[in-house]
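Trainee: I would like to take a close look at a single part of this protein chain, and I would be glad of a careful walk through it.

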Amino acid sequence: MPSPESCAAPDSSADSFAATALIGESFVGDGVNAAHTNVVIGRKGGPVETAWATALATPSAGHVPFLTVVRPSVPVKPATLFVTKAAARGDLHERATWGSAQAGLAQGVLDAVAEGLLPAGEADELLIIAAVWVNPGVDDLDASFRNQRAAAYGAVRAAVTGSPSVADVLDAAEEGPANPFYTPSAEVLAR
């Protein structure tokens, strides 16, 4: 993980840190054990709290948001809502979603707190919504944990530092869009 000195964390005073919603994304790994995590970070009393409570109170079939815990009865701080992107199905996918991916999300958030990306003194005032992809074909719980830990940390870091910059996005766009599921050919891009 990068050192806190290498990340440009904003002023962590109560009036400035996450005064508005912070948004981040990270994709780590490859194949069926890869992790893709999106986060929204905000303060209690603001729009993120409304979204957080609404998501928790309105589950849909196969997508039941839940409070991320470090251990049973020990929720991570800042309070982090785990929102599944894929309905859990089958024993291993369920164990990965509620087990290894949840543990990875918890540890990634705690890594960000320990390294100062998220101010520990404000952890009780902050909320995180994490939309987490766990591939239904997952086949290695340890790889799932490692990738989710890194993706959670990376998403929080991206949210806190405001990365990527618009210039970074425009530079990437010059090469064309690509993701692990589809990359258009040069011919398709030229149309």
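Trainee: In which loop is Pro78 found?

Mentor: Before answering, please keep in mind that this is a predicted model. Pro78 is found in the loop between strand 5, which covers residues 74–75, and strand 6. The bond that leads into this proline deserves attention, since Lys77 and Pro78 are joined by a cis peptide bond, with omega at about 0°.

From here we can look to either side along the chain. On the side of lower numbers, Ser73 sits in the loop between strand 4 (residues 69–71) and strand 5. Its phi is near 70°, which is a positive value in a residue other than glycine. Ser73 counts as exposed because its relative accessibility is 74%, and the cut-off for that word is over 50%.

On the other side, strand 6 runs over residues 79–84, and the loop between this strand and helix 2 (91–114) holds Gly90. Gly90 has a relative accessibility of 42%, so it counts as partly exposed. In sequence Gly90 is 46 residues away from Pro136, and in space the two C-alpha atoms are 8.0 Å apart.

A cis peptide bond also joins Ser163 and Pro164, again with omega of about 0°. Here the proline lies in the loop between helix 3, residues 141–161, and helix 4.

Following the chain onward from that loop brings us to helix 4, which spans residues 166–175 and includes Asp171. Helix 4 lies largely in the open, because the number of buried residues among its 10 is zero. Asp171 itself is partly exposed, with a relative accessible area of 48%. Together with Asp168, Glu174 and Glu175, Asp171 belongs to a patch of negative charge on the surface. Just after helix 4 comes Gly176, whose phi is positive, at about 100°.

To set these places in a wider frame, we can turn to a database record: an unreviewed UniProt entry lists residues 23–175 as "domain: Formaldehyde-activating enzyme". Over that range the chain is 43% helix and 24% strand, while the C-alpha atoms at its two ends are 24 Å apart. To return to your question, then, the place to find Pro78 on the model is the loop between strand 5 and strand 6, and the cis bond to look for there is the one that joins Lys77 to Pro78.

Definitions and conventions: Residues are numbered from 1 along each chain as its sequence is written. This is a predicted model: local features need pLDDT of at least 70, side-chain atom pairs count only at pLDDT 80 or more; totals for chains, interfaces and linings use all residues. Side-chain values use heavy atoms; hydrogens and water are left out. UniProt positions are given in the numbering used here, feature names are shortened, and annotations may be inferred rather than shown by experiment. Helices (H or I, at least four residues) and strands (E, at least two) are DSSP runs, numbered from the N terminus. Patches are made of residues with over 30% relative accessible area and no salt bridge: like charges are joined within 9 Å, nonpolar side chains (Val, Leu, Ile, Met, Phe, Trp, Tyr) within 5 Å. Accessible areas come from the Shrake-Rupley method with a 1.4 Å probe; for residues, only the protein chains shown count as cover. A salt bridge is a side-chain nitrogen of Lys or Arg within 4 Å of a carboxyl oxygen of Asp or Glu. Lys and Arg count as positive and Asp and Glu as negative; His and the chain ends are not counted. The place of a charge is taken as NZ of Lys, CZ of Arg, CG of Asp or CD of Glu. Buried means under 20% relative accessible area, exposed over 50%, partly exposed in between (1.4 Å probe, protein chains only).
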